[in-house]
Amino acid sequence: MSEAKQNQPGPPLWLLAELTYECPLHCPYCSNPVNLGSREQECDTDTWLRVLSEARAMGAVQLGFSGGEPLLRKDLEVLVKHASDLGFYTNLITSGIGLTEKRIAALREAGLDHIQLSFQAANADANDLIGNKRHSFEQKLKVAKLVKQYEYPMVLNFCLTAQNIDQIDDVMALSCELDGDYVELATVQYYGWAYLNRDHLLPAKAQLEEAEARVNAFRAKQQGKGPHFIFVTPDYYEDRPKACMNGWGTTFLTVTPDGSALPCHSAKILPLTFPNVREKSIQSIWQEDFSFNHFRGTDWLPSPCKTCDEKDKDFGGCRCQAYMLTGDMYKTDPVCSKSPDHGLMAQAVKNSESPSRELVYRDPKVSIPITEI
């Protein structure tokens, strides 16, 4: 086998199709870009059909339809049907707003395999306040019943912030009431609007420890029955970074509403020029594009990563997080205690004790200068 063949990356196994950034909710922890673009810039149906075909031909097997709110795309059923016919395992990642019985029946008929439903909190007041939309909680409860009625696994996602993490017992009780199968208790990861609002949203370490202890106690009491709870902590209290997206350009491919192809959903903030699926094929993007090859492997690593015995585990951590916190996308992720910038994490925690600005709700009418992100 030639050296070029050996160095060629494997296929993108997981495709995230961000169909639109439009959303009926205005969650301040949204990971979408703070400058959202317009509906007129979105890829049309034919472009998405081609993207799905090309990705599947390369070997992609899992497909997430996301946004914004993917239910706002009128062609969603067409895309689901095409993906199902190609052999994808399809997942709808949704707030549930707009998912009527007629719509879920059509998606089931089209071959949709999986629905992940998000909640902002465990009661109407908190849920509607965080999502900035009245009556959304009641709509979500109705959707949860529809998900069970149409025999989908009940997969729930609760986004945990300083505003709702103390109600973790209520969150777990609601998950049981809804007969959840898998429940992700996901402490917000700070990208997009969430990064802009980090000082408000980041829970204190004591809050996180108390919440995790309560989750562990609840699991023990369950004795293997009821929902399977997954507790996700933020990076800001860790001392080792994650292997972001399982490694840059190794497993995950994101296509944004305007057709930009990214190694992760936040990569567009980086000072790199990313390709567009309107202009290039998925194969040429994945295998040949400069941006996808830029941080693959470990040859590019700076010190102290270059000589670290853990570099093959974390690949220097998250490039987006490194850039947001240090202004340099080549630096070691400051999460790592070996990073000379690790003190930035402690400073971020300190800032969260007394936020310097008002909470900003996700709003397509708001334009945030890049210097404020």
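**Backbone irregularities, domain arrangement and an interdomain pocket**

P304 is found in the loop that runs between α12 (290–293) and α13 (311–314). In this predicted model, the peptide bond leading from S303 into P304 is cis, with omega near 5°. A cis peptide bond also joins G67 and G68, where omega is about 20°. The second residue of that pair, G68, lies in the loop between β2 (62–66) and α3 (76–86).

Positive phi angles were found at two residues that are not glycines. D179 has a phi of about 60°, and Q223 has a phi of about 55°. D179 is placed in the loop between α7 (168–177) and β6 (182–187), whereas Q223 belongs to the loop that separates α10 (205–222) from β7 (228–232). As for solvent accessibility, the value for D179 is 45%, so D179 counts as partly exposed, the class between the limits of 20% and 50%. Q223 has a relative accessible area of 68% and is therefore exposed, the cut-off for this class being over 50%.

The protein is divided into two domains, with domain 1 spanning residues 14–232 and domain 2 spanning residues 244–353. To the contact between them, domain 1 gives 25 residues and domain 2 gives 28 residues. The centres of domain 1 and domain 2, taken over C-alpha atoms, are separated by 24 Å.

The second largest pocket has a volume of about 550 Å³. Its lining is made up of 29 residues, of which P33, V34, N35, K268 and I269 are the closest to the centre of the pocket. Sorted by class, the lining residues comprise 12 nonpolar, 12 polar and five charged residues. Because domain 1 (14–232) and domain 2 (244–353) both give residues to this lining, the second largest pocket lies between the two domains.

The UniProt record, an unreviewed entry, places the feature "binding site" at C23, C27 and C30. Two of these cysteines, C27 and C30, were examined further. C27 is located in the loop between β1 (14–18) and α2 (45–58), and C30 likewise has its place in the loop between β1 and α2. The relative accessibility of C27 is 7%; this value is under 20%, so C27 counts as buried. For C30 the relative accessibility is 14%, which is also under the 20% limit, and C30 therefore counts as buried.

The surroundings of the two cysteines were described by their contacts, with residues up to four places away in sequence left aside. On this basis, C27 is in contact with Q120, I130, G131 and R362. C30, for its part, touches Y191, G192, W193, A194 and R362. R362 thus appears both among the contacts of C27 and among those of C30.

Conventions
Residues are numbered from 1 along each chain as its sequence is written. This is a predicted model: local features need pLDDT of at least 70, side-chain atom pairs count only at pLDDT 80 or more; totals for chains, interfaces and linings use all residues. Side-chain values use heavy atoms; hydrogens and water are left out. On a 1 Å grid over the protein atoms alone, a cavity is a set of points where a 1.4 Å probe fits but cannot get out, and a pocket is an open set with protein on both sides within 12 Å along at least five of seven lines; lining residues have an atom within 4 Å of a point. Grid points are joined across faces, edges and corners, and a volume is the space filled by probe spheres set on the points. Ala, Val, Leu, Ile, Met, Phe, Trp, Tyr, Cys and Pro count as nonpolar, Asp, Glu, Lys and Arg as charged, and the others, Gly among them, as polar. Domain bounds come from an automatic or database domain assignment. UniProt positions are given in the numbering used here, feature names are shortened, and annotations may be inferred rather than shown by experiment. Helices (H or I, at least four residues) and strands (E, at least two) are DSSP runs, numbered from the N terminus. Buried means under 20% relative accessible area, exposed over 50%, partly exposed in between (1.4 Å probe, protein chains only). Contact means heavy atoms within 4.5 Å.
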